[in-house]
Amino acid sequence: MSSKVLIEVADLNFAYPDRPKVLNNFNLTWRAEERIGLAGPNGVGKSTLLFLIMGLLKAQSGVIEIFGKQRREEKDFQAIRPQMGFVFQDANDQLFCPTVADDLAFGPLNLGLGHDEIHRIVERVLARLGLMGFEHRVTYDLSGGEKKLVAIGSALSLNPRLLILDEPTANLDPVTVARLEGVLAESGLPYLVVSHDHEFLDRVTTRRLEIRPNLS
Amino acid sequence: MTCDLHPGSSFLHQLDPRLKIVIVAIWSFLAALIQTLPAASFALAGSLLFALAGRLSPRETLTRLVKVNAFLLVIWFLIPFSFSMPGRTVGSFGFFTVTAEGLQLALLLTLKANAVALGALAFFGTSSVTQLAAAAHRLGASEKITAIFLLMLRYFHVIRQEYVRLRLAMKVRAFRPTFSLHTYRSYANLVGMLMVRSMDRAGRVHAAMLCRGYTGRFWFYDHFSFTRLDLAGVALAILLVAGVLVLNVI
C-alpha cells in the first residue's frame, strides 16, 4: 500500500506561447503518503506544473498519470479533480461565494450531495479549521489568514484523496502559518506544497523537490 | 445570517425568501400606482409595520432612508413651483409661485418612495443575499443571471480594493490629477489595468471552480419550505394591500 503511486508525471514539456520552455522533460513520482515540498525560483514552472496536473493547462508532450490512469482530455480530469483538493495561491480566486458556508458547500453541491449532508460537511470542515461559527461570515470581510484557511477548507469539503497547495504561506503571519501546519498535519492526507519558505517545507514535508531553471 | 443587513430571527427573517420577493414586487407596484394621500400614508404605515416585524435597526434604516430622501429633495425644489397654471397659489417667492397641488404631489411622491424603500428594506434586509439569489432563481430568474449577480457581489469589493491599491501606487509616485493629457492617459491605464486584471482573475476563478467539480451547472446551497408562518405573512400582506386599494379609491 505504501508504495502505491498517486501521481506519475513523465517527460513533461510545456511552454507558454512565444516564451521559452518552462518545463523540460519533467518527471515526478508521487507515492501515497508522501508529503512533497516543491521549491524553485520564480517563473521556473512550479504553478504551471500544478495547473498541468489539475488539467487546467495542456502540456505539449509528456504523460500524466493520476490514480493509476493516464489523463489526457478535459473529461478525464473532470472525473478526478474533486479528489485532488487544489488550493490556489490567491484565496480571492478560490473563494467566490458571498459567504463562507456557500464556498464550503460549492464543491459538495457539484458532487450532488443533499442539503443535510452538506450542512454536516460544512460544520465538520469549519471545526477542523478552528473556524466554528464562521458559516455566515461574508468572505470579503475575512482577514487574509482566515481566507487562506477557508480556501483550504473549500478543498477539504470535497473529501479529497490528496491536497495540492500553491504557496499557502505567502503573506501569512507566523501564527496563521502554525494553524495551517496543524490543519495539514491533521488532514492525514498526502500533499504537494509549493513554497519559497524552506523552514516551512522542512517542517511539513517528507521529501523536497527542486525545480531548476531551464537554461537550454 | 450575518450576511444580511439586519441579522436576527424575527417573523420576517423566518419567511420564505421566495414569498418575500413576491410580496415586495406586489407592494412596490401597488405603491407606485397610488394616487391619494391617505392611501400613500397607509402604505408607509404598512411598510413601517413590516420594518417593525423585521426588527430592523432604527439607526441603519434611517441612514438608508436619508439617502433615498436626498433624491426626493430635488422633487421638493421643483414640483411645488411647476403647477403655476391651474393651481391655487399658496405663496410666492418673487418670480416663483408655490401651488397647493404642487405641494400635495411632492408629498405624495415622498410618501410613496419611502413606503417602497422601507418595504424593500424590511423584506430584503432580513434575508441573506445568497438566499435571495437562490429564491430569485427558484422564481424563474435564469441560472446565469443569478450566478452573475452573486459573482458581481463578491468581486465588486475585490476589484474595488485593486483599484484603491493602484490609485495609491500612483499617489506615492507623486501623481496628482490635473487638466492634462498625462492625467487622462494615466487614468486610461488605470482602467485598462483593472480590466486586464479582472479578466485574468475571471480565468483563475473559473479554474478554481473547475477544480471543485464545476461542470457548468450552478447549484444553490439553500432549501426552502413554505410554512404556516408564511401563510401568516401572506395574510398580513393581503390585508395591507386591500387597505391601500380601498383608501386609494375613496
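**Exercise 1. Follow the salt bridges around B:Arg201.**

The side chains of B:Arg201 and B:Glu162 form a salt bridge, with 3.1 Å from N to O. Working on this predicted model, determine which parts of the chain this pair ties together, and which residues are linked with B:Arg201 in a network of salt bridges.

*Solution.*
Step 1. B:Arg201 belongs to helix H7 of chain B and B:Glu162 to helix H6 (residues 143–171) of chain B, so the pair ties together parts that are 39 residues apart in sequence.

Step 2. Now consider how covered the two partners are: B:Arg201 has a relative accessibility of 7% and counts as buried, and B:Glu162, at 6% relative accessibility, counts as buried.

Step 3. B:Arg201 also meets the side chain of A:Asp90 in a salt bridge of 3.3 Å, N to O. Since B:Arg201 lies in helix H7 (residues 181–211) of chain B, while A:Asp90 lies in the loop between E6 and helix H3 (91–94) of chain A, this pair joins two chains. A:Asp90 counts as partly exposed, at 27% relative accessibility.

Step 4. The network of salt bridges links A:Asp90, A:Asp93, B:Glu162, B:Arg201 and B:Arg204. Over all chains, the structure holds 13 salt bridges.

**Exercise 2. Place strand E3 in the sheet of chain A.**

Work out in which order the strands of the open sheet of chain A are arranged, and whether the residues of E3(A) are buried or exposed.

*Solution.*
Step 1. The open sheet consists of 5 strands in the order E6-E7-E8-E3-E9 of chain A, with parallel pairing. Its edge strands, each of which pairs on one side only, are strand E6 (84–87) and strand E9 (207–210) of chain A. From one strand to the next, the twist averages 15°.

Step 2. E3(A) pairs with strand E8 (residues 191–194) of chain A over 4 bridges in the parallel sense, and A:Arg35 has A:Tyr191 as its bridge partner in E8(A).

Step 3. Strand E3 (residues 35–39) of chain A is also joined to E9(A) by 4 bridges, and these strands run parallel. In E9(A), A:Ile36 has A:Arg207 as its bridge partner, and A:Gly37 has A:Arg208.

Step 4. In a regular strand, side chains alternate between the two faces of the sheet. For E3(A), A:Arg35, A:Gly37 and A:Ala39 are on one side and A:Ile36 and A:Leu38 on the other, and all are buried, so that both faces are covered. With 5 of its 5 residues buried, E3(A) is largely enclosed by the rest of the structure.

Step 5. Returning to E9(A) through A:Arg208, one finds that the side chain of A:Arg208 meets that of A:Asp202 in a salt bridge of 2.6 Å, N to O. A:Arg208 counts as partly exposed at 31% relative accessibility, whereas A:Asp202 is exposed, with a relative accessible area of 53%.

**Exercise 3. Trace the nonpolar patch of chain B.**

Identify which element gives the most residues to the nonpolar patch, and where B:Val90 is placed.

*Solution.*
Step 1. The surface patch is formed by B:Leu73, B:Val74, B:Trp76, B:Phe77, B:Leu78, B:Val90, B:Leu103 and B:Leu107, which together have about 750 Å² of accessible area.

Step 2. Helix H3 (58–78) and helix H4 (100–124) of chain B each supply at least two residues of the patch, and H3(B) gives the most, with 5 residues.

Step 3. B:Val90 is placed in strand E1 (residues 89–93) of chain B, and B:Val90 is exposed, with a relative accessible area of 55%.

Technical notes. Residues are numbered from 1 along each chain as its sequence is written. Chains are lettered from A and ligands numbered from 1 in the order in which they are written. This is a predicted model: local features need pLDDT of at least 70, side-chain atom pairs count only at pLDDT 80 or more; totals for chains, interfaces and linings use all residues. Side-chain values use heavy atoms; hydrogens and water are left out. Patches are made of residues with over 30% relative accessible area and no salt bridge: like charges are joined within 9 Å, nonpolar side chains (Val, Leu, Ile, Met, Phe, Trp, Tyr) within 5 Å. Accessible areas come from the Shrake-Rupley method with a 1.4 Å probe; for residues, only the protein chains shown count as cover. A salt bridge is a side-chain nitrogen of Lys or Arg within 4 Å of a carboxyl oxygen of Asp or Glu. Buried means under 20% relative accessible area, exposed over 50%, partly exposed in between (1.4 Å probe, protein chains only). Two strands pair if DSSP finds at least two bridges between them. Axes are lines fitted to C-alpha atoms, for helices over the stretch in contact, and angles run from 0 to 180 degrees between N-to-C directions.
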